[in-house]
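Thanks, everyone. I have one structure to go through today, and I will take the sheet before the pocket.

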Amino acid sequence: MAALTKANIRGAQQQTLYLVQSDAQPDDIALLKSELSQAVDCKEICVLDLGPIIGASIGPDAIGVFSFGEPVTFVGGEE
């Protein structure tokens, strides 16, 4: 996720990255936040909880990163 963000973000220095999670493991969140901070020179990284409706729909352990950049199409399991 950090590599995808780094490759596709534009104007990183002016952006706040949003790392969202749904009952994910704290160590997983901390690791991704650390990888993002090393890979992307952004203003700030905010960690937020997904709301109950989205969280219930996708289940626990979901993690996402939001930023502005190039359009990305990613199919799970492919690189």
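Before the sheet, a word on terms: two strands count as paired here if DSSP finds at least two bridges between them. Also keep in mind that this is a predicted model.

With that in hand, the sheet is an open one of three strands, in the order 2-1-3, and its pairing is mixed. At the edges sit strand 2, residues 44–49, and strand 3, residues 62–66, each of which pairs on one side only. From one strand to the next the twist averages 20°.

How do strand 1 and strand 3 run, and how many bridges join them? They run antiparallel, and five bridges join strand 1, residues 16–22, to strand 3. To place yourselves on the screen, find Gln-21, which stands opposite Ile-63 in strand 3.

Now the helix on the sheet. Helix 2, residues 26–39, packs there and touches strand 1, strand 2 and strand 3. The direction of helix 2 makes about 160° with that of strand 1.

On to the largest pocket. The space in it comes to about 300 Å³. Which element gives the largest share of its lining? That is helix 1, residues 2–8, with three residues. The lining includes Met-1, Leu-4, Thr-5, Asn-8 and Ile-9, and further along the chain Val-65, Ser-67, Phe-68, Gly-69, Glu-70, Val-72 and Phe-74. Sorted by class, seven of the lining residues are nonpolar, four are polar and one is charged. The charged one is Glu-70.

That is what I have; the floor is open.

Terms used:
Residues are numbered from 1 along each chain as its sequence is written. This is a predicted model: local features need pLDDT of at least 70, side-chain atom pairs count only at pLDDT 80 or more; totals for chains, interfaces and linings use all residues. Side-chain values use heavy atoms; hydrogens and water are left out. Helices (H or I, at least four residues) and strands (E, at least two) are DSSP runs, numbered from the N terminus. Axes are lines fitted to C-alpha atoms, for helices over the stretch in contact, and angles run from 0 to 180 degrees between N-to-C directions. Contact means heavy atoms within 4.5 Å. On a 1 Å grid over the protein atoms alone, a cavity is a set of points where a 1.4 Å probe fits but cannot get out, and a pocket is an open set with protein on both sides within 12 Å along at least five of seven lines; lining residues have an atom within 4 Å of a point. Grid points are joined across faces, edges and corners, and a volume is the space filled by probe spheres set on the points.
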